[in-house]
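Welcome, and please load the model in your viewer. We will go from stop to stop, and at each one you get something to select and a note on what is there.

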Amino acid sequence: MNNGNGRRLNGETEEDDDDEGSEGDLDAWERTYADERSWESLQEDESGLLRPVDNTTLYHAQYRRRIRSLSSQATTARIQKGLIRYLYIVVDLSRAAAEMDYRPSRMAVVAKHVEAFIREFFDQNPLSQLGLVTIKDGIAHCLTDLGGSPESHVKALMGKLECSGESSLQNALDLVHGYLNQIPSYGHREVLILYSALSTCDPGDILETIQKCKKSKMRCSVIGLSAEIFICKHLCQETGGSYSVAMDESHFKELILEHAPPPPAIAEFAIANLIKMGFPQRAAESSIAICSCHKEAKVGGGYTCPRCKARVCELPTECRICGLTLISSPHLARSYHHLFPIVPFDEVSPSVLNDPHNRLPRSCFGCQQSFPNPGNKPSLRVACPKCKQHFCLDCDIYIHESLHNCPGCESFRHSKSPIATEE
Amino acid sequence: MKFQIEDVTVYFPYDHIYPEQYAYMVELKRALDARGHCLLEMPTGTGKTIALLSLITSYTLSKPNNPVKLIYCTRTVHEMEKTLAELKLLHAYQTIHIGDRARILAVGLSSRKNLCVNSRVLAAENRDSVDASCRRLTASWVRAAAVANPNLPTCEFFEEYEKAGSNAVLPPGVYTLQDLRAYGKEKGWCPYFLARHMVQFANVVVYSYQYLLDPKVAGHLKGPEGISIKCVRRLRRRFKATDAGRLRAEYNRLVEGLAQRGNLPFTDNWLSNPALPDDILKEAVPGNIRRAEHFLHVLRRLVQYLEGRLETDNVEKEGPVGFVASINTHAGIDQKTLKFCYDRLHSLMLTLEITDTDEFLHIQTICDFATLVGTYTRGFSIIIEPFDERMPHIPDPVLQLSCHDASLAIKPVFDRFQSVVITSGTLSPIDLYPRLLNFHPVVSRSFTMSLTRDCICPMVLTRGSDQLPVSTKFDMRSDLGVVRNYGRLLLEMASVVPDGIVCFFVSYSYMDGIVNSWNENGILKEIMQHKLVFIETQDVVETTLALDNYRKACDCGRGAIFFSVARGKVAEGIDFDRHYGRLVIMFGVPFQYTLSKILLARLEYLRDTFQIKEGDFLTFDALRQAAQCVGRVIRSKADYGMMIFADKRYSRHDKRSKLPGWILSHLRDAHLNLSTDMALHIAREFLRKMAQPYDRAGGSGRKTLLSQEDVEKMGDGILNEMQY
C-alpha cells in the first residue's frame, strides 16, 4: 500500500545522491498508480469488505452541517451583511506550492479553484471588487488591482504560475494593507490567503502587522493546504476571519467557495450610510466609441456613465473619469437574497416517517419525483418549517444554494391571496 | 455539579466531568476508606489535580467526625500556584452550595524568597542569601539587641507579626502565595512566618515535596552532591574565628541533652527533620563533642580525613560500615559522634548567632554527610572518583555519598501519614514503584484518557528511507548510515510539520556528535531552510535564552526545532504544548550511562535487596524517561501532537510494553516498524485531520464529557472500561 505513495520519491533520490531533487523520474506505470490513488476511494465496512466510498450521503451531511452553522449565526439576530466587499486573494507561490500531494501540484489545484471562486464571487457579490496578490521568494507582488472583471483576474493569474523561494505572510499583509487602507469606509476590507507553506520568513515583527490589520478592520481569512499553523490561526482570530485547512482537493474547493457569500458585517463598522451610484445605459449596438478602461475604440456594447458620459466596457465598475460607482439594477437585486436567507429545512425524523397515522406527501414538492421507500434508509427528506412542504435532498441543495426562494412558501402566498378575495 | 460516590457527596466545580476523572475519584475514595496508600496514573491534561482536590475536600465534608488534613506536595512553585488557584475555584463552588460548612483554610508554603514582602531582604539575588538576610533581621538575638539599640535594622513585618502574637491568624479561605503576600502587606505581618504558623491549623497545605522528604537524603537522592577539596579548605578557615564566651554557655545547655533544644527561643526552631530515627532525639549528645572546641576538633579531623581520602588515584567504592570503621581508625571519630554532627552544628550556629547561613553551606554539607554515614548502614555507598571520566588528565576529585534506596527517604512519610497518594502522568510499569519505594499500596491503577478524537499519534520508526535499521545502540550509533538516516528523518519532518518540533537525544555527548556530523553533511543547513534550530546546553542561562527564542520563533510562524537531552532540565519540567510542540522525536532509547560507578552500585543493591534484575530496572528507567520526554507535547485534550520513537529497539515487545497505557492505547499496529517515508505519510494525514474543527463534547458513540445526569445514570460499567 505504501509503494504507491508519492513520498517514495525521497527514498529514491537518497539512494543516488548525485541527482538530488529530480522528482519526475518515475516510470509511467508507477506514475498512474501514484496519481490515481485508487485505494483512497475504498473503505472497509463492518464485516471487513472493501467498498467504494459513498460520497453522496457524506456530501449531504457536510452540506447540512454548513447550512446549520451559517443559520445559527444568522437566526440569533438579524445580521447585517457586507455587500460591498473589497477582497484581495493572496496566493502563496513559495517553494511549498510545488509539492505534489495535490495532483498535479498544489499550485495548479489552487489556481484552478481560484478561477472558479472568482467567477462565483462576482456572481454572488456583483457590487464587490477583487484583486490578486502572490507571494514568491519572500516578496509579495500585486498581480491585479482591485477590479470587477473576472476575466482579467483569471488571465493574470494563469500567466504567472511558477513558484520558488520562501513565503512571507508579513510582506503580503503589508502590501494588501497599503491598498485596502485607501478604500472608502462603506466597503468591507477582506483578505483571503491561500497558504501552502508551513512557515513564514518575515523581515519584521508580524504581530505588529496583525495589529495594524486589526485596527484598519481588515478581515483576514486563511485556507491552509497542509497543516494548522499557529500564526495563521492567530491572524484569523484577531481579525475576525475564518481559518481552515484542506484535507484534499474537493475539501479545498468547498472551503474556498465558503468565502463567496458575503460575511456578516463587523459591528462597530456597520454604520448605515448612503452611497452614490450610477445606473448607466447600455449603448446602442452600432455606435463606435473609445472606452475609458482599455483606451481602445470599440464597436457596440459598453455602457455610458450617466454623469460624465464616458464609455465603460463592463459593469460593475468605477468610472475612470468621475469616480462614480457604476452598476446595473439586476446586480443590486442579486445581492438582495443574502440579507433575507431562507431558513434551513428540518430533517423529517424516521419516527414520523414510520408512523402509519401520518399521511405524508408521496413526492417532493419541488421536482415532483416520488420519494424512495423509507424502509431501509431513514430521513431522506426535509421539510420547510414555514410551509411544511416536503423536499428531496437535491431540491434542498438547489433551493438553498441557487434558487434562494422556497417554492412552497411562494406558491402558498400566491394561492392565498385569491382565496382571500373570494370570501 | 454534585454527585454521589458511594456514601460521599462530591462537589465538583465544573458542569461536566471526564469519565476518567470520575473513575479516579472512585479509586481514591476507596483508598481513603481503606486507610492505605495508593498509586494512580492518569495522563496529563485530564485534570488530576481538581479531581483529587474535590474528592478529598468533599470526603472531609461528608465525614465531619473524621477530619482529613491534606498535604499536597508539588515540585515547582508554579505548580503550587496552579493547584491553589484550582482549589480556590472549588472552594467558591462549595461555599455557594453548602454555605459556611464548606469553610476551609488552605495555605501554600514556600521559601522566604517567594513569600517575603520586605523590599530590603528581597534585594538579595538567590534563595540562600534571602534566607540569610531575613535571619539577619529577625533572629532573636538581633531583635534583642535592637531593643537596646534602636538603630539596628529589624524587619517591621516580623515585628508586627510578633506583636499580634496569637491573634495573628488567617481567616478561613484559600490563600495562594500571591494572596499571602497581599494579606501580609495589608496587615503588616510577615507572610512567611504567618504561613508557617498557619500550617498547623490548615486543612489543606500545598508545598514543595522537599519539606516532607528529609532534605539531607533528598539532596543525595537527586544528584549526589560532590565535595571537592577546595570547598573543604575554605571551610576550615571559617572555624578559626569563633567566640569563646558564648561557646561556654552553650556547653552548659548541651550537657542536659538534646531535648534542651526546646529551650532555645521558639522563633528559631527548625522544621524537625523526619528522616532521623526517633532515638537520636532522645539520646543526649555524646560527651566528646559537647564542648564547642572539641566539636571543632572533630570536624577538623574529619575534614582532614576526607581530604586525605580524596588524594587517591583510583576510583574507590565503599559501604558506610567500612567507611565509618576507617574513620574511626584513622581519625578517631566513632559512629555515634558522626551521627550527631548535623544537630550539633545547628545548635552551634544558633549559639554563635550566625545569621549569614549561606556562607556556611559547605560545612553543613559535610555535617549532613557525616550524619548520614553514621546513621545508615545500608542503602548507601561512598564513591570516590579522582577525575571526570570525560577528561581523565584533569584531576577533579569528587567524593559522593550515593543513595541506592529511594525507600529510605520516603519511609518516614509513609509511616507518618494515613494515606499517601502518588499520582502522575508517567508511573508505568505501575507494579515496580511499590517495590522500589518499599510500600504496599491498597490501590494502584492506571487510567487511560478518553478522547473525542485521536489527538496523539505515537509512531515507532525503525528504518530510514533506505530500509536500513536505525538505533543508538553503542555499536551502531556512530555508523554514518544511521546518522544520515536520522538527519533525513528530521529534515523530512521539518518540511511537513508546522511550528515547533522538539528532539530528544540520549546524551549531551551524542547530541554534540550527531549535530556536528549533520553540520558537515549539510543536512543542518537544509533543515535551517525550514526551521530555526535551538540547542539545549548544560548552561542554564543559555538554555533559558534558547527556549525563549524557540518560543518566539514558534509564535511568529518561522517555525523552530529544539534539540534537547533526555534527563536534562528541559525534559524534566518544561512543557511544549500546543504549537510549541507539534512533534517530538526521541532519537534512541535513553538508557543511563551504564559504566557509571553510582549506577553500578545502585543496580547491585537493587538486585541484592529487592530482586530486581539489572536489565529490568534499566529498561524501566529508560522507557520512563522516554515517556516523560514525549509526554511534554500534550497538556490538554484540545491539544494534539505526534511522537516518534526512532530506534529499532522500540519495536521489541519487552521495551514497548513498558510505555504508559495512554501512549500504548494509541500506538496502533500499523504505526510500528515504520520507515521514514511511511512515517511522513502518516504525519501529513494526521496533521490535516487534526486541523479540522471538532466537537469538544464528543459526538456519537463515545462520551467524553459527562453531565450530572450522565454520572447519576452511570453504573460501574464505565469504570471497568477506563481501567487499563
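Helices (H or I, at least four residues) and strands (E, at least two) are DSSP runs, numbered from the N terminus. This is a predicted model, in which local features need pLDDT of at least 70, side-chain atom pairs count only at pLDDT 80 or more, and totals for chains, interfaces and linings use all residues. Residues are numbered from 1 along each chain as its sequence is written, chains are lettered from A and ligands numbered from 1 in the order in which they are written, and side-chain values use heavy atoms, with hydrogens and water left out.

**Stop 1: chain A as a whole**

Select chain A, which has 13 helices and 19 strands. Of its 423 residues, 44% are buried; buried means under 20% relative accessible area, exposed over 50%, partly exposed in between (1.4 Å probe, protein chains only). Turn on the surface: about 22,600 Å² of chain A is accessible, and 53% of that belongs to carbon and sulfur atoms. Such areas come from the Shrake-Rupley method with a 1.4 Å probe, and for residues only the protein chains shown count as cover. Taking contacts (heavy atoms within 4.5 Å) in chain A between residues at least 6 apart in sequence, 64% join residues at least 24 apart.

**Stop 2: an annotated region**

Now select residues 305-322 of chain A, where UniProt, in an unreviewed entry, places the feature "zinc finger region: C4-type". UniProt positions are given in the numbering used here, feature names are shortened, and annotations may be inferred rather than shown by experiment. In the model, residues 305-322 of chain A are 0% helix and 22% strand, and the C-alpha atoms at the two ends lie 9 Å apart.

**Stop 3: two loops in chain A**

Go to Pro104(A), in the loop between strand E3 (85-92) and helix H4 (106-124) of chain A. The peptide bond that leads from Arg103(A) to Pro104(A) is cis, with omega near -5 degrees.

Next, pick Lys217(A), in the loop between helix H7 (206-215) and strand E7 (219-224) of chain A. Lys217(A) is not a glycine, yet its phi is positive, about 60 degrees. Is Lys217(A) buried or partly exposed? Its relative accessibility is 21%, so Lys217(A) counts as partly exposed.

**Stop 4: a three-stranded sheet**

Still in chain A, show the strands E17, E18 and E19, which form an open antiparallel sheet in the order E17-E18-E19. Strand E17 (346-347) and strand E19 (390-392) of chain A are the edge strands, each pairing on one side only. Two strands pair if DSSP finds at least two bridges between them; E17(A) and strand E18 (residues 381-383) of chain A pair over two bridges. Look for Asp346(A), which stands opposite Ala383(A) in E18(A).

**Stop 5: over to chain B**

Select chain B, with its 33 helices and 19 strands. Here 56% of the 724 residues are buried, and chain B exposes about 30,700 Å², with carbon and sulfur atoms supplying 51% of it.

Begin with helix H1 (residues 19-33) of chain B, where 13 of the 15 residues are buried. After H1(B) comes Arg35(B), whose phi is positive, near 55 degrees.

**Stop 6: a strand covered on both faces**

Select strand E16 (residues 560-565) of chain B, in which six of six residues are buried. Ala560(B), Phe562(B) and Ser564(B) are on one side, while Ile561(B), Phe563(B) and Val565(B) are on the other. Which strands pair with E16(B) in the parallel sense? Strand E14 (residues 500-505) of chain B does so over six bridges, with Phe505(B) as the bridge partner of Val565(B). Strand E15 (residues 532-535) of chain B does so over four bridges, with Ile535(B) partnering Phe563(B).

**Stop 7: the nonpolar cores**

Keep Phe563(B) on screen. A nonpolar core is a set of buried Ala, Val, Leu, Ile, Met, Phe, Trp, Tyr and Cys residues joined through side-chain atoms within 4.5 Å. The largest has 122 residues, and those with the most contacts inside it are Leu490(B), Met493(B), Trp518(B), Phe563(B) and Phe587(B). Helix H22 (residues 480-496) of chain B gives the most to this core, nine residues. Apart from this core lies another, of 97 residues, including Met25(B), Leu90(B), Val121(B) and Ala124(B).
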